[in-house]
Amino acid sequence: MRAGLPALILHEACEAAGGVAHLAALLAIPEHELARWLEGDGTPPEDVYRACAEIVLLNDGGAASS
């Protein structure tokens, strides 16, 4: 199994959100779907991917400004 960019972004967003349950709640998606995408099984929809990328960027931006 090869982790692509979407899975890596989801992992980073998951870490920033405080875990799978928190990220799934933020995204309003079932945890099992998020877990599947985190494992690299399938690709998240574009809106989920974009929301995760935004979470990552906002989290990185906050860390850089402190």
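A17 has its place in helix α1 of this predicted model. With a relative accessible area of 16%, A17 falls under the 20% limit and therefore counts as buried. Which residues does A17 touch, once those up to four places away in sequence are set aside? The answer is H22, L23 and L26. A further relation links A17 to V56: these two residues lie 39 apart along the chain, and their C-alpha atoms are separated by 9.1 Å.

The surroundings of A17 may now be placed in the whole protein. The secondary structure comes to four helices and zero strands, and along the sequence the pattern reads α-α-α-α. Of the 66 residues in the protein, 27% are buried. The protein exposes about 4,300 Å², and carbon and sulfur atoms supply 56% of that area. Among contacts between residues at least 6 apart in sequence, 58% join residues at least 24 apart.

The contacts of A17 belong to a wider meeting of two helices. On the side of α1, the residues involved are L10, A13, C14 and A17, and they meet V20, H22, L23 and L26 in α2. How do the axes of these two helices cross? They come within 7 Å and cross at roughly 100°. This angle lies between 65 and 115 degrees, so α1 and α2 are roughly perpendicular to each other.

Helix α2 covers residues 20-27, and its buried residues are L23, A24 and L27. Seen down the axis of α2, these buried residues fall within an arc of 100°, so they line one face of the helix. A general property of helices helps in reading such a pattern: an α-helix has 3.6 residues a turn, so residues three or four places apart point the same way. The face of α2 turned away from the buried side carries the exposed residues A25 and L26.

Just after α2 comes A28, which takes a positive phi of about 55°. A28 is found in the loop between α2 and α3. Most residues other than glycine have a negative phi. A28 has a positive phi although it is not a glycine. Is A28 buried or exposed? Its relative accessibility is 69%, over the 50% limit, and A28 therefore counts as exposed.

Helix α3 spans residues 31-38 and includes H32. H32 counts as exposed because its relative accessible area is 56%, which is over 50%. The C-alpha atoms of H32 and V20 are separated by 9.3 Å, and the two residues are twelve apart along the chain. Which residues of α3 are buried? They are L34, W37 and L38. These residues cover an arc of only 105° around the axis, which puts them on the same side of α3. Just after α3, G40 takes a positive phi of about 85°.

The three buried residues of α3, L34, W37 and L38, also appear in the packing between α3 and α1. There they meet A7, L10, H11 and C14 in α1. The two helices pack at an angle of about 125°, with their axes 8 Å apart. An angle over 115 but not over 145 degrees is classed as oblique, and α1 and α3 are therefore oblique to each other.

The nonpolar core brings several of these residues together. The largest core has 16 residues, and those that touch the most other members are L10, L23, L27, I29, L34, V48 and C52. At least two residues of this core come from each of α1 (5-17), α2, α3 and α4 (46-65). Which helix gives the most to this core? It is α1, with five residues. One of the core residues named above, I29, is in contact with A24, L34, W37 and V48 when its neighbours within four places in sequence are left aside.

Conventions
Residues numbered from 1 in each chain as written. Predicted model: local features only at pLDDT ≥ 70, side-chain atom pairs only at ≥ 80, totals over all residues. Heavy atoms only, no water. Buried < 20%, exposed > 50% of the residue type's maximum accessible area, 1.4 Å probe, protein only. Arc of directions from axis to C-beta. Core = buried A, V, L, I, M, F, W, Y, C linked by side-chain atoms within 4.5 Å. Contact = heavy atoms within 4.5 Å. Areas by Shrake-Rupley, 256 points an atom, 1.4 Å probe, with all protein chains shown as cover. Axes fitted to C-alpha atoms, helices over the stretch in contact; angles between N-to-C directions. Parallel < 35°, antiparallel > 145°, perpendicular 65-115°, else oblique.
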